Amino acid sequence: MKIVYVDMDDTLCDFSGAYLKALSNNPSIRYPQSQYRFFADLQPIDGAIETVSDLIRSDEYDPFILSAPSTRNPLSYAEKREWVEAHLGYDFCKRLILCAYKGLLKGDVLIDDNIEGKGQEYFEGELIHFGSDAFPDWVAVRRSLGI
Ligand SMILES: [Mg+2]
């Protein structure tokens, strides 16, 4: 089975949309992502939940969520776990890895909207750059994975 890591912010869930919305609601706020429930209430990106659900059912892939926490916001650790249970179910929480340095993880594929900055550049498997021209959405990712 191929181990696939999936990022959260702006890959599984719409961090940027919520960030901009919080700023427009309250322009004086400095760090919208530090507000209580910011991470728990993020909306899933179209196709993300369906794809991860299909990966867990497949015989070919072993999916995990690999997310770098917002280290200045301790709530983000708990809220990310809460988000996973709400959208993917409790069992998937056992597949949630919060790690500030993604290069340490062994695996075959990393799906991430950032290709560097949190150790992505040292990940030894294939990097699928979510949101890039080659992989603008989950439809393109699914096609690449053959699911
Ligand atoms: Mg991200």
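**Close-up views of a predicted protein model with a magnesium site**

**View 1. Contacts and overall build of the protein chain.** Among contacts in the protein chain between residues at least 6 apart in sequence, 62% join residues at least 24 apart. The model shown here and in the views that follow is predicted. The protein chain holds 4 helices and 5 strands, and these follow one another along the sequence in the pattern β-α-α-β-α-β-β-β-α. With a radius of gyration of 15 Å, close to the 15 Å that the globule rule gives for 147 residues, the protein chain is as compact as a globular protein of that length. Taken along the principal axes, the box filled by the C-alpha atoms is roughly 45 × 30 × 30 Å. Of the 147 residues, 44% count as buried, while the protein chain exposes about 8000 Å², of which carbon and sulfur atoms supply 49%.

**View 2. The magnesium ion and its donor residues.** The magnesium ion is coordinated at 2.1 Å by Asp 7 (OD), Asp 9 (O) and Asp 113 (OD), and the spacing of these donor residues in sequence is D-x1-D-x103-D. Asp 7 is buried, with a relative accessible area of 5%, and Asp 9, with a relative accessible area of 16%, is likewise buried because its value lies under 20%.

**View 3. The surroundings of Asp 9.** Asp 9, a donor to the magnesium ion through O, has its place in the loop between β1 and α1 (15-25). The side chain of Asp 9 makes a polar contact with the side chain of Lys 80, at 3.2 Å. When neighbours within four places in sequence are left aside, Asp 9 is in contact with Phe 15, Phe 39, Leu 42, Lys 80 and Asp 113, and Asp 113 is itself one of the donor residues of the magnesium ion.

**View 4. The largest nonpolar core and a separate one.** In soluble globular proteins, nonpolar side chains tend to be buried together. The largest nonpolar core of this model has 30 residues, and those with the most contacts inside it are Leu 12, Val 84 and Ile 111. At least two residues of this core come from each of β1 (2-6), α2 (48-57), β2 (61-67), α3 (75-88), β4 (109-112) and α4. Apart from this core lies another, of 7 residues, among them Tyr 5, Leu 66, Cys 99 and Leu 110.

**View 5. Leu 12 and Ala 48.** Not counting residues up to four places away in sequence, Leu 12 touches Val 6, Asp 7, Gln 43, Pro 44, Ile 45, Ala 48, Val 52, Ile 65, Trp 83 and Trp 138; one of these, Asp 7, also coordinates the magnesium ion. Ala 48, found in helix α2, is buried, with a relative accessible area of 0%. Leaving aside neighbours within four places in sequence, Ala 48 is in contact with Thr 11, Leu 12 and Trp 138. From C-alpha to C-alpha, Ala 48 and Thr 11 are 7.6 Å apart in space, although 37 residues separate them in sequence.

**View 6. Ser 132 in its loop.** Ser 132 is found in the loop between β5 (126-129) and α4 (138-145). With a relative accessible area of 15%, Ser 132 is buried, because this value falls under 20%. A polar atom of the side chain of Ser 132 lies 2.6 Å from the backbone oxygen of His 129.

Methods
Residues are numbered from 1 along each chain as its sequence is written. This is a predicted model: local features need pLDDT of at least 70, side-chain atom pairs count only at pLDDT 80 or more; totals for chains, interfaces and linings use all residues. Side-chain values use heavy atoms; hydrogens and water are left out. Buried means under 20% relative accessible area, exposed over 50%, partly exposed in between (1.4 Å probe, protein chains only). A polar contact is a pair of N or O atoms within 3.5 Å; within protein, one must be able to donate a hydrogen and the other to accept it, and residues adjacent in sequence count only if both atoms are side-chain atoms. Donors are N, O and S atoms within 2.8 Å of the metal (3.2 Å for Na, K and Ca); water is not among the atoms, so sites may look incomplete. The radius of gyration is taken over C-alpha atoms; the globule rule is 2.2 Å times the number of residues to the power 0.38. Contact means heavy atoms within 4.5 Å. Accessible areas come from the Shrake-Rupley method with a 1.4 Å probe; for residues, only the protein chains shown count as cover. A nonpolar core is a set of buried Ala, Val, Leu, Ile, Met, Phe, Trp, Tyr and Cys residues joined through side-chain atoms within 4.5 Å.
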